[in-house]
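Biologist: I'm new to this one. Please put it on screen, and let's talk it through.

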Amino acid sequence: MALLCNIASIAKIHLQNLVTIDGSSFLGNLTHNSMSHSSTALEEKSSPPPDVRLFIGILTLPDQYRRRDLLRLVYGVQSPVRAQVEVMFIFCNLTKEDQKVLVALEIMRYNDIIILNCTENMNNGKTYIYFSSLPEILADKYDYVMKADDDIYFRLDRLVESLRPLPRVDMYYGFVIPCRAMDPNGHYMAGMGYILSWDLVDWIRTSNIARNHSVGTEDRLVGEWLRQGGRGKNRYNVKPAMYNYPRGDPADVCSHDFVPETIAVHHLKDQVRWIKTLQYFNVTQQLKPSKLYHIP
């Protein structure tokens, strides 16, 4: 009798964990799942709301699988305090059969890709389509929107701290071009990575100025849109905290040595440059000791 009671009790536990979806059944750990949800809810209630909300769109190409994997690593380990930072990859319509499979798998796994309705290009309207599409694509409204290249590394905590005291409207932020210039007025921000406040993104969506002048060097075009529209009056040049990878060439005035207060490093065209950059900023310092690995 004791044995039968034990069997019945075990069967009851298994039945409580039986979940049915679309007519099929599987055993799910319901207790664990519900505890995770409640724990997350409690953490969200106890934490203050983010005071900076930033969307980062990295414009890249469908075939750049390895670069996306690297960027997921370098941004996935960063957690800026009191900020909501969303990083997504942006490209135009898929054209190859392998892309349709592999990119679909990426979306299923990471859900961090936006595919715009355009033919892949650099200066033939992709940036305009990116900005003008976001207000309808994104469920959330952000304070700022960034357009970034896939060969730039942002230190998100430094980036967020630089944005925190800035205006949330009519704001244009980045590395001013030409490279020797320091005054952002009368110039434009380099395409390596620049930020617009949300109201400017919303203005681009409806502006005939942007719609009718979408073809050309993309970063220069954005500066021209804002100039013609009388927008982006709150301008912020973040030199020398944003710069090209150090090349040791005095003639390259867009570049200089690594500095501790760095916000972003651009022109990380290969693995060697990425590794040297990540080593300088000691990005693995938070790695916890474990018996599972030995990294000298």
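Biologist: Let's start with V222. Buried or exposed?
Modeller: V222 is buried, at 1% relative accessible area. Buried means under 20%, exposed means over 50%, and partly exposed is in between, with a 1.4 Å probe and protein chains only. This is a predicted model, where local features need pLDDT of at least 70, side-chain atom pairs need 80 or more, and totals for chains, interfaces and linings use all residues. Residues are numbered from 1 along each chain as its sequence is written, and side-chain values use heavy atoms, without hydrogens or water.

Biologist: Where does V222 sit, and what is it in contact with?
Modeller: V222 is in helix α9. Helices are DSSP runs of H or I with at least four residues, strands are E runs of at least two, and both are numbered from the N terminus. Leaving out neighbours within four places in sequence, V222 contacts T127, F131, Y172, Y194 and L196. A contact means heavy atoms within 4.5 Å. The C-alpha atoms of V222 and I204 are 9.3 Å apart, with their positions 18 residues apart along the chain.

Biologist: And D219: which helix, and which residues does it touch?
Modeller: D219 is also in α9. Its partners beyond four places in sequence are Y172, Y188, M189, A190, G191 and Y194. D219 counts as buried because its relative accessibility is 12%. From D219 to I177, the C-alpha distance is 9.5 Å, across 42 residues of chain.

Biologist: I177 comes up there. What is the peptide bond from I177 to P178 like?
Modeller: That bond is cis, with omega near 10°. P178 lies in the loop between β9 (176-177) and β10 (188-189). A cis bond also joins K239 to P240, with omega about 0°. P240 is in the loop between β12 (234-237) and β13 (242-244).

Biologist: What about odd phi values, say at R82?
Modeller: R82 has phi near 55°, which is positive in a residue other than glycine. R82 sits in the loop between α3 and β4 (83-91). R82 is partly exposed, at 40%. N282 has a positive phi too, near 50°. N282 lies in the segment after α10 and is partly exposed, at 38%.

Biologist: Change of topic: pockets. What is the volume of the largest one?
Modeller: The largest pocket holds about 690 Å³. It is lined by 22 residues, and V77, Y153, N282, V283 and T284 are the closest to its centre. So N282 shows up again, in that list. A pocket is an open set of points on a 1 Å grid over the protein atoms alone, with protein on both sides within 12 Å along at least five of seven lines; a cavity is a set where a 1.4 Å probe fits but cannot get out, and lining residues have an atom within 4 Å of a point. Points are joined across faces, edges and corners, and volume is the space filled by probe spheres set on them.

Biologist: Which helices supply its lining?
Modeller: α3 (65-76), α6 (156-163) and α10 (271-280) each give at least two residues. By class, that lining has 13 nonpolar, seven polar and two charged residues. Ala, Val, Leu, Ile, Met, Phe, Trp, Tyr, Cys and Pro count as nonpolar, Asp, Glu, Lys and Arg as charged, and the others, Gly among them, as polar.

Biologist: And what lines the second largest pocket?
Modeller: That pocket has 22 lining residues, with L59, M122, K147, D149 and D150 nearest its centre. Two or more residues come from each of α5 (126-137) and α9 (218-229). The classes there are four nonpolar, eight polar and 10 charged. Its volume is about 530 Å³.

Biologist: How many cavities are there?
Modeller: The search finds one of 30 Å³ or more. The largest cavity has a volume of about 40 Å³. Its lining takes at least two residues from each of α5 and α9. Among the lining residues are N123, K126, Y128, E218 and W225.

Biologist: Last one: where does pLDDT stay under 50?
Modeller: Over residues 7-44, where the model has 15 contacts beyond four places in sequence. pLDDT is the predictor's confidence in each residue, from 0 to 100. Where it is low, the predicted coordinates should not be read in detail. The chain averages 87, and 84% of residues score at least 70.
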